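Biologist: Please take a close look at one part of this model, and work outward from there. Begin with how far the coordinates can be trusted.

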Amino acid sequence: MSSVAELLHRAAAAERALAQAAAPLVAAGRAPVELQLTTRPIALKATGLSSCDTALTRDPWAIDRDPGYGPGASTGDPVPGDAPRQGPLPERYTEASEAQLDEWITAAKAELGDRVSILGHFYQRDEIVKYADFVGDSFMLAQAAKQHPEAEAFVFCGVHFMAETADILSSPDQAVILPNLAAGCSMADMATIDQVEQCWDELMSVLGDGTDAAGTDAAGTDGEGKQPVIPVTYMNSSAAIKAFCGRNGGIVCTSSNAETVLEWAFARGQRVVFFPDQHLGRNTAKAMGISESEMPLWRPHLALGGNTAEELRDAKVILWNGFCSVHKRFTVDQIERARADYPGVRVIVHPECPAPVVEAADGAGSTEYIRKQVEAAAPGEVLAIGTEINLVNRLQQQRPDLTIFCLDPVVCPCSTMYRIHPAYLAWTLESLIAGEQPNRITVDGAVAEHSRVALERMLAAKP
Ligand code: SF4
């Protein structure tokens, strides 16, 4: 561990020890102000020490148009050339103080009333979540959009693919607005529709010609009528890829239902190709008893994804080479360190973490699973959590009688989600009042229709 990381780890440990000592006071509603240290801000402008990249202390409009995703966990991830770029934000907003922005957002929300609903993702920064009408994961928020026919517009404080899903599930006359177009998802962008189409053509050339050992016929189905490959995409993917799955007998999954969805797929296909998160695919398949040797990795820039035809024929799950820049930071070393520092600690991680981390943890599951584990924890328990820092901090705030900390000592938020700053929210809301719809995210007819098919298959899939 580097000396800065060591310093931060010790500081965090000291904060946690203070919090633990103060738990009875907090429970009695007498928390002294200095004990609020248990929740560390993501980026302190004064020191820059609390984030994994001090550039995160810059305002988002200063980095929105830089090439790349900018500072933080997704630094260095390749960005597709056609990724949306945010235009300049008027000076009225970039020059405003926090107090002014708060005043403008509060006033705009009051004026817009039920006409506009603000949706905030669990990983969103607190300065935004405090204005949200609904807080949840991407699918919960898309459903919230569907369940509120009275709203004319949803301001989606998440990332691009989430706003697309909300648009697909909401009615055509409801607008879904992403306050900052630079809020993408580096994982979703790791699988483009052109790459996926190319992968499919190559897979069909190897698996769809009746040459596999299981007796596949010329149409590509086997004796049981199963397709050679079923495409499955994680919710964290573009609408174009969801539509691809809908068109090709495939389905969408979330981190909560990935196993159910894979069972659905294996009832209809001999194999699965899983986009774009290799870790969720691998962790889920391993939990179902599938061995790593039956899970080749598809690298989109190589012929046959870098595999032989035989490896693909023997595969059960073909994993796309994508990952979440936030969750791939968690390591087995961090778990060992947490166990050494806090004997009895319970380690819970998200299944977007690499397989060795999931295996070394005491439990792994979706954001909702993590939330429920924290809710049900016994007072005084110590929990080390491997997921995005904003959520971890919020869980600690909600359960001050527990000691909760992020496994990664050098705190790293989802830097694309972090692009939604209150200045963008104020601009969006005031534009709506002026009758404009800035940054409206729309998914066109055929793509929306086929995406809906894949989403509906997911909703109908039962364990
Ligand atoms: S946490 Fe990871 S998967 Fe989620 S939006 Fe951020 S980069 Fe994408």
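Modeller: Over residues 1–49, pLDDT (the predictor's confidence in each residue, from 0 to 100) stays under 50. The model still has 60 contacts for that stretch beyond four places in sequence; a contact means two C-beta atoms, placed from the backbone, within 7 Å. Residues 210–219 are also below 50, with 15 contacts beyond near neighbours in sequence. Where pLDDT is low, the predicted coordinates should not be read in detail. The chain as a whole averages a pLDDT of 86, and 85% of the residues score at least 70.

Two conventions apply. This is a predicted model: local features need pLDDT of at least 70, side-chain atom pairs count only at pLDDT 80 or more, and totals for chains, interfaces and linings use all residues. Numbering runs from 1 along each chain as its sequence is written.

The part I choose is strand 1, residues 116–121. The chain has 17 helices and 13 strands. These are DSSP runs, numbered from the N terminus: H or I over at least four residues for helices, E over at least two for strands. Six of the six residues of strand 1 are buried, so the strand is largely enclosed by the rest of the structure. Buried means 20 or more other C-beta atoms within 10 Å of the residue's own, with C-beta atoms placed from the backbone.

Now the two faces. In a regular strand the side chains alternate between the two faces of the sheet. V116, I118 and G120 point one way from strand 1. S117, L119 and H121 point the other way. Both sets are buried.

Next, the neighbours in the sheet. Strands count as paired when DSSP finds at least two bridges between them. Strand 1 runs parallel to strand 3 (residues 153–157), joined by five bridges. There, G120 stands opposite C157. Strand 1 also runs parallel to strand 2 (residues 134–136), through three bridges. L119 has F134 as its bridge partner in strand 2.

Helix 5 (residues 138–146) packs here too. Its S138, F139, L141, A142, A144 and A145 are buried. Their cover includes strand 1, strand 2 and strand 3, along with helix 6 (160–169) and strand 4 (175–177).

F154 ties several of these pieces together. Not counting residues up to four places away in sequence, F154 touches S117, L119, A145, A166, S170, Q174, V176 and I177. F154 is also among the residues with the most contacts inside the largest nonpolar core, as are V155, F156, A166, V232 and I251. That core has 124 residues. A nonpolar core is a set of buried Ala, Val, Leu, Ile, Met, Phe, Trp, Tyr and Cys residues joined through C-beta atoms within 7 Å.

Helix 16 gives this core its largest share, seven residues. Helix 16 spans residues 422–433 and holds Y424. Y424 is buried, with 29 other C-beta atoms within 10 Å. Beyond four places in sequence, Y424 touches L89, P179 and N180. The C-alpha atoms of Y424 and Y93 are separated by 7.6 Å, though the two are 331 residues apart along the chain.

The chain-wide numbers close the view. Buried residues make up 48% of the 463 residues. Among contacts between residues at least 6 apart in sequence, 66% join residues at least 24 apart.

Conventions. Buried ≥ 20, exposed ≤ 12 C-beta atoms within 10 Å, placed from the backbone.
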